[in-house]
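This report concerns the relation between two chains and the interface that they form. Please examine the sequence and the structure shown below before reading on.

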2 protein chains.
Amino acid sequence: MIEQDNPSGETAKISLDQIFELLQEQEYEQLRTLLEVIHPGQLADILEAMPPKKRMQLWMLVPESQEAETLSFLHDEVRNSLIITMKPDELVAAVEQMDANDLAYIFEEFPEHVRQSIEEKLPDEILERLETNLSFEEGTAGRLMSQDVITVRNDVTLEVVLRYLQLHEELPDYTDGLMVIDRAGFYQGKLLLNKVLTHNREILVKDVMEKQQAILATDDEHAVTLFFEQFHLVSAAVVDLNNRLIGRITMDDAMEILRAETDRTLLGRDGLDEEEDLFAPVISSTKRRTVWLGINLITAFLAAWVIGIYTDTLDKIVALAVLMPVVASMGGIAGSQTLTLTIRGLALDQITSGNRFWLARKEIFIGILNGLLWAVVIAVMAWLWFQNIGISMVIAAAIIINLVAAAASGIAIPLILQRMHIDPALSGAVILTTVTDVVGFMSFLGLATYFLL
Amino acid sequence: MIEQDNPSGETAKISLDQIFELLQEQEYEQLRTLLEVIHPGQLADILEAMPPKKRMQLWMLVPESQEAETLSFLHDEVRNSLIITMKPDELVAAVEQMDANDLAYIFEEFPEHVRQSIEEKLPDEILERLETNLSFEEGTAGRLMSQDVITVRNDVTLEVVLRYLQLHEELPDYTDGLMVIDRAGFYQGKLLLNKVLTHNREILVKDVMEKQQAILATDDEHAVTLFFEQFHLVSAAVVDLNNRLIGRITMDDAMEILRAETDRTLLGRDGLDEEEDLFAPVISSTKRRTVWLGINLITAFLAAWVIGIYTDTLDKIVALAVLMPVVASMGGIAGSQTLTLTIRGLALDQITSGNRFWLARKEIFIGILNGLLWAVVIAVMAWLWFQNIGISMVIAAAIIINLVAAAASGIAIPLILQRMHIDPALSGAVILTTVTDVVGFMSFLGLATYFLL
């Protein structure tokens, strides 16, 4: 990025290293000046990239005018760690400046007494908006929407619209268009600012507006993101079940949901939380990660138990102990590929009853082909190592069995989990590994017991 | 989403199942009508969610007016599978309607003769733009930018701006503001349409514009996405090294890059390509996945080789063969947690020299704590199973060693890979698993050999 000569522009860009340096050198005055002009979205990113002590130091320097917006950009865990350091009055002062939907987003995280004093001190109008947002469930469009919407009637001319706009000091962020309603308040479409500026001013709104679809307040966030992505929107209307306009969602919200969702998928696979603070204290991080290790330990002992069934066999042919991780690991890798593609397909709404079977058949075919190919390679390698044709035959068969089982589970597990309303991104991988370990050890050692003893 | 009564709205929403059904029932007329009004972004998603035969059937029904934009929304692999079915003339007709930057995005994928006939037939103006985009490297802002920008001078009044805008039929998509330049063409900032509409028309542009930062044409895509996310922008100017305005990037591009990046991280971990077609033919999918299985096989045999060193020990104490996967697997899980957090931190530019050591120390502490905790649990479980205090002691020690090694590698591997300019999201997990397998088997079997024989 180009650094502008004049750092007082609205979007001064400051690097993380600069901040670390200024903190190190105790240049607090200079820091304070920087923090006045930094974008709160960037400030939030910087705070999240700091170890706790430095984070506190920096937070103390953040001017009050920046606190509210910065808080709304932070992930839960970091935000909560900062909120507990704020006095109730300071917190109330900060949230008073927030939009109702940003406030709704974090309101339920506050301690009871803070919520009460916020409710007492908030102006009626904002309180009412807050309650509207809160009346919708978390994760729905209604909770997310801003009620700060400029509407125009469909039966007026652009000239009237222009005069109406001149009455405003400023339009809300991301106003690419005005929401159009009819006399009775029902949503009709969107009038792009574009059109207001380029069209003849005698034209009626309804003749130039877009018949853009609205989002239902009860739609879930995920549908909202896909809607924005597919239609490449900057803003979209939110309506109630009667098609009455009640709010608006903007593209930056959609982008945040997308980021949160992909974080959840990415981190959930390792039992991590997308709200996880990279710089959380050791104890709280250990606690959370340990749960996941515990779950994994159960599956590891399940695999060990399967091996335990065949100790006699292992006792007689020690080469089996050497080779058995190969069978389990190949199954784990192949299954993981299918699982990841299926989870992504589900997340993008690409898998339906119309293509599920096609996909399952395809993956199982791939499993068979890859199974045959690697069975030969591994059998040859095993023969070179142990010069025992029986072991080679057995490992080849086990590889084919495990790769087909892996493909079938990679498709079936996420579909079943989704039907049970469990996020496959969170537990799919553990279940899959359990299957591929158990099938891998059991087929390899079982076949060896049957044929080689 | 609410289905509008009038399906001729610009953004008719059609479900995948509807399309499958209409194809099944051969309702081609109805399909063609739907395809006329569907948003090309959604059409691309639908095409990607179809098995090859149905995809072809549907593509044949897509009206020519939709072809160009739809192609630009598709992932490489699906797009190429459709392009090869198009006659050169048809293809040229389609790309003539594309924006230069969309065309630049796919141009290099075309066969040589198609590129030539495109270059011959394109109007000079578009060809020139195409060449400008292509003159910047893939993955840079310059390649991505649109040259379709409305600029105004900083020394005119809003009245002049308004009159100027009236001359346009329409403004480019995502025009939330006009780019402001000075007399010499140097970028000055952005004039929000907002302001044009709400401010007094006598005011000069320079007194009401935002001093928004510009993106350098040579900046990479990743920096562009973070810039849009942090500053919550709809559009941003692109300038050359002399700060001369040459183009504009919009939020939908940033969102697409974000989606592609997270896809790459998510899929890359399993050796999959983010351009992978979920419905690609079995053979081509098998080929790609098989490479990854081959790489994994090498690491699996490396682990097997480590086990092979200790066959004498395993021969004497078969319980070790039963328990050894537990040690490797716990290390793999713990390491994977650290690795994933580190990769995400790197992707968000949150890890710098200022916090790297803090983070490494923290992760190793977590490794020690979790190691101690699970060492005790596993030692007890092993004792209950085999009633051998020696085995319990050895597995406890091996767990601690492996969990600390896992934490250290989880931090070190991605940092080293990044320094070597290798994407840690792609190969980090394989390397990590190799380390935790080798360290796990070696410490467990090695300690057993030393103490128990």
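In this predicted model, the contact between the two chains draws 146 residues from chain B and 147 residues from chain A. The area buried between chain B and chain A is about 13,500 Å². Carbon and sulfur atoms give 64% of that buried area.

How is chain B placed relative to chain A? A rotation of 180 degrees, with 0.0 Å of shift along its axis, superposes chain B on chain A at an RMSD of 0.1 Å. This is the relation of a two-fold axis. The same surface serves both copies, as 100% of the contact residues of chain B recur in chain A.

Polar interactions also cross the interface. Between chain B and chain A there are eight salt bridges. One of the salt bridges joins A:Glu229 to B:Arg259, where the closest N and O atoms are 2.6 Å apart. The count of residue pairs in polar contact between chain B and chain A is 42, with both residues at pLDDT 80 or more.

The table divides the residues on the side of chain B that touches chain A.

| Residue class, chain B side | Count |
|---|---|
| Nonpolar | 75 residues |
| Polar | 40 residues |
| Charged | 31 residues |

The enclosed space in the model remains to be described. How many cavities of 30 Å³ or more are there? The count comes to nine cavities of that size. The largest cavity holds about 1,100 Å³ of space, and 41 residues line this cavity. Which lining residues are the closest to the centre of the largest cavity? They are A:Gly332 and A:Thr433 from chain A, together with B:Gly332, B:Ile333 and B:Thr433 from chain B.

Conventions
Residues are numbered from 1 along each chain as its sequence is written. Chains are lettered from A and ligands numbered from 1 in the order in which they are written. This is a predicted model: local features need pLDDT of at least 70, side-chain atom pairs count only at pLDDT 80 or more; totals for chains, interfaces and linings use all residues. Side-chain values use heavy atoms; hydrogens and water are left out. Copies are superposed by least squares on the C-alpha atoms of residues with pLDDT of at least 70 in both. Contact means heavy atoms within 4.5 Å. Buried area is the accessible area (1.4 Å probe) that two parts lose on being put together, summed over both. A salt bridge is a side-chain nitrogen of Lys or Arg within 4 Å of a carboxyl oxygen of Asp or Glu. A polar contact is a pair of N or O atoms within 3.5 Å; within protein, one must be able to donate a hydrogen and the other to accept it, and residues adjacent in sequence count only if both atoms are side-chain atoms. Ala, Val, Leu, Ile, Met, Phe, Trp, Tyr, Cys and Pro count as nonpolar, Asp, Glu, Lys and Arg as charged, and the others, Gly among them, as polar. On a 1 Å grid over the protein atoms alone, a cavity is a set of points where a 1.4 Å probe fits but cannot get out, and a pocket is an open set with protein on both sides within 12 Å along at least five of seven lines; lining residues have an atom within 4 Å of a point. Grid points are joined across faces, edges and corners, and a volume is the space filled by probe spheres set on the points.
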